[in-house]
Amino acid sequence: MTGTTTEAVGLTQLQARLEQDLAWLELPAKRWVVAREIEGVTVLEVAVIGGGMAGMAAAASLTLTGIQAVIFDRAPVGQEGPWVTTARMQTLRSPKQLTGPALGLPALTFRAWFEAQFGLQAWIELDKIPRTQWMDYLRWYRQALKLELRNDHHVTNIEPRTDGLVRLEVDTPSGKQTIYARRVVLATGRDGLGGAYVPEIATTIPHEAWAHSSDFLDYATLAGKRVGVVGAGASAMDSAATALEAGAKSVDLLIRRTDLPRINKGKGAGNAGMVIGFVDLPEHWKWRIRHYLGVEQVPAPRGSTLRVSKHPNAYFNFGCSLESVSVNGNVLSVNTPQGTFELDFLIFSTGFKIDWWARPEYANIAPHVLNWKQRLAEVNEPASQEMLDSPDLGSAFEFKEVRPGACPGLSSIHCFCYPAALSHGTVSGDIPAISEGAKRLSAGIASLFYREDIAEHFHRMELYDDAELLGDEWTPAIRRATHR
Ligand SMILES: Cc1cc2nc3c(=O)[nH]c(=O)nc-3n(C[C@H](O)[C@H](O)[C@H](O)COP(=O)(O)OP(=O)(O)OC[C@H]3O[C@@H](n4cnc5c(N)ncnc54)[C@H](O)[C@@H]3O)c2cc1C
């Protein structure tokens with residue numbers, strides 16, 4: 001194959017190629033943001049909360065733009081995001097070809113990383129990316145770009161200030177720290193502005209008898225048990241399959257719908273126009289698209305569904321919304337329109353919700369963030385709760401105030417996690433368009449920094465005295481012109 005390396009050249013050579021590409025592109029740009037100090041301490045230009053794929057892509061794009069970005073993640077090194085902790089699929093759900101957080105740099109793609117180690121033939125033969133291998137790639141990405149990521153750093157309080165800075169309180173292995181940043185990016189994940197969604201009925205069940213699919217749970221404890229899984233999306237299939245593989249006696253999928261969604265409309269609609277243009281659509285079109293995608297729902301991947309159905313003790317029960325649960329000793333009697341299920345354990349694969357109050361670190365900003373329900377005084381179109389609760393963001397993903405002036409500094413905080421989707425489209429969480437989102441974020445932040453510091457930049461322009469011409473390059477002509 002002409003122009004294509006078929007051999008596995010190794011990661012050292014890939015790193016050299018990446019560095020060469022960056023050098024040819026004169027990247028990263030030199031630092032240019034005006035330094036600030038508070039109480040004798042230098043203020044960070046940007047603090048990124050969350051070191052998963054989105055946080056790293058954001059920090060990388062900011063760094064390439066000449067802006068300092070320091071990432072804080074509460075997870076231990078190499079455990080960021082769901083991939084090797086709470087995710088239970090065998091492979092990624094998305095196709096292997098997506099270029100993810102590569103930011104337009106070929107040597108930063110998963111494919112480059114994979115081929116460098118295993119060669120082109122292995123790439124051709126690869127079906128979908130194994131889940132834990134994706135995490136290996138993200139670990140390499142961090143190292144390859146030398147990102148400053150501080151693990152075991154839990155941000156416990158975020159306080160925007162009247163001087164425009166944001167004060168962070170961080171629990172670290174060496175105690176509590178206070179950090180000041182000019183701008184803060186929340187790259188806190190799929191549940192980044194809230195947590196797991198569980199229906200009200202869960203409150204009637206002892207907590208030791210249920211979990212959410214995103215909870216840390218040792219599925220070996222389900223061996224020999226009758227397990228119910230509420231939901232039918234990708235995570236429901238992953239939970240069901242993992243329980244079955246761990247030796248569950250049976251798994252009943254309790255599915256409210258009468259059929260499974262079959263077509264991934266979001267995948268079909270995904271094109272460069274949507275990635276770039278969604279943000280500038282009139283609001284009723286944004287609303288209509290997000291509502292349609294929500295109603296249609298994303299089908300679980302075929303492989304994940306087969307991983308469940310190949311077990312003879314897996315049951316797909318349709319029309320089974322949960323009406324009530326009664327607890328008799330250790331047994332849960334789950335009542336549905338189709339009858340009662342006797343179960344030992346329930347897993348809610350019911351997604352996530354925006355819930356500011358579930359996250360103590362947001363207590364200062366929660367009452368002030370403008371959401372779409374407040375933006376549209378009257379919502380005449382049908383809407384999901386998630387849409388109503390979604391923050392209404394500015395062009396750099398910055399939060400807006402409900403009452404202008406009530407929370408100065410709020411607009412120094414940028415929402416680069418999934419709930420940005422109604423404002424910006426799906427560019428701040430999923431793999432397909434994360435680079436475009438990160439570039440939009442870094443360009444927006446660069447523009448805001450420049451505008452804020454324009455007087456200083458102008459002053460620097462005035463002071464600049466690096467001469468191009470020394471004055472010895474020419475001699476003034478003597479009396480060449482004739483007088484009229
Ligand atoms: C099970 C599962 C499977 C998925 N599979 C796919 C897929 O195949 N393809 C696809 O395109 N998308 C997939 N997604 C969606 C998306 O790609 C992932 O959710 C991805 O992890 C998003 O990256 P992120 O950086 O936004 O969030 P995360 O990877 O979740 O990272 C967020 C980070 O923020 C940190 N954090 C949060 N709060 C704080 C705090 N207060 N202080 C410090 N740190 C904090 C967390 O520790 C975490 O490491 C999947 C999602 C899930 C949940």
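# A guided tour, starting at a bent helix

Select helix α3 and look at phenylalanine 118, where α3 bends by about 120 degrees. The bend at a residue is the angle between axes fitted to the seven residues ending there and the seven starting there. What you are viewing is a predicted model, in which local features need pLDDT of at least 70 and side-chain atom pairs count only at pLDDT 80 or more, while totals for chains, interfaces and linings use all residues. Residues are numbered from 1 along each chain as its sequence is written, and side-chain values use heavy atoms, leaving out hydrogens and water.

**Stop 1: helix α3**

Keep residues 110-125 selected. The names of helices (H or I, at least four residues) and strands (E, at least two) follow DSSP runs, numbered from the N terminus. How far apart are the end C-alpha atoms of α3? They are only 15 Å apart, although the helix has 16 residues and a straight one would reach 22 Å at 1.5 Å a residue. That expected span is 1.5 Å times one less than the number of residues.

Now colour the buried residues of α3, among them Phe110, Trp113, Phe114, Gly119 and Trp123. Buried means under 20% relative accessible area, exposed over 50%, and partly exposed in between, with a 1.4 Å probe and protein chains only. Show α1 (11-24) and α4 (131-144) too, since both are included in what covers these buried residues.

**Stop 2: aromatic rings**

Show the side chains of tryptophan 83 and tryptophan 134. Rings of Phe, Tyr and Trp (its six-membered ring) pair if their centres lie within 6.5 Å; planes under 30 degrees apart count as stacked, over 60 as edge-to-face and the rest as tilted. By this rule there are 18 aromatic pairs. For tryptophan 83 and tryptophan 134 the centres are 6.4 Å apart and the planes stand at 75 degrees, so this pair is edge-to-face. Tryptophan 83 sits in the loop between β4 (69-72) and α3, while tryptophan 134 belongs to helix α4, so the pair ties together parts that are 51 residues apart in sequence. Are these two rings buried or exposed? Tryptophan 83 is buried, with a relative accessible area of 14%, and tryptophan 134 is buried with 1%.

Next, add Phe110, Trp113, Phe114, Phe118, Trp123, Tyr137, Trp140 and Tyr141: ring pairs link them with Trp83 and Trp134 into a cluster.

Then jump to phenylalanine 397 and phenylalanine 416. Their ring centres are 5.3 Å apart and their planes at 90 degrees, so this pair is edge-to-face. Phenylalanine 397 is in the loop between α11 (385-389) and β19 (413-415), and phenylalanine 416 is in the loop between β19 and α12 (421-424), 19 residues apart. Both phenylalanine 397 and phenylalanine 416 are buried.

**Stop 3: strand β3**

Select residues 44-49. Six of the six residues of β3 are buried, so this strand is largely enclosed by the rest of the structure. Two strands pair if DSSP finds at least two bridges between them. β3 pairs in the parallel sense with β8 (residues 175-186) over five bridges, and alanine 47 has valine 184 in β8 as its bridge partner. With β4, β3 pairs in the parallel sense over four bridges; find isoleucine 49 and its bridge partner phenylalanine 72.

**Stop 4: a sheet of five strands**

Which order do the strands of this open sheet follow? The order is β10-β17-β11-β12-β13, with parallel pairing. At the edges are β10 (210-212) and β13 (314-317), each pairing on one side only. Neighbouring strands here are turned by 20 degrees against each other on average, direction ignored.

Zoom in on β10 and β17 (residues 345-348), which pair over three bridges; alanine 211 has isoleucine 347 as its bridge partner. Now show helix α5 (residues 234-245), which packs on the sheet and touches β11 (226-230), β12 (250-254), β13 and β17. Contact means heavy atoms within 4.5 Å. The direction of α5 makes about 165 degrees with that of β12. For such angles, axes are lines fitted to C-alpha atoms, for helices over the stretch in contact, and angles run from 0 to 180 degrees between N-to-C directions.

**Stop 5: zoom out**

Show the whole chain, which has 14 helices and 19 strands. Its C-alpha trace spans about 110 × 60 × 50 Å along the principal axes. Of its 484 residues, 48% count as buried.
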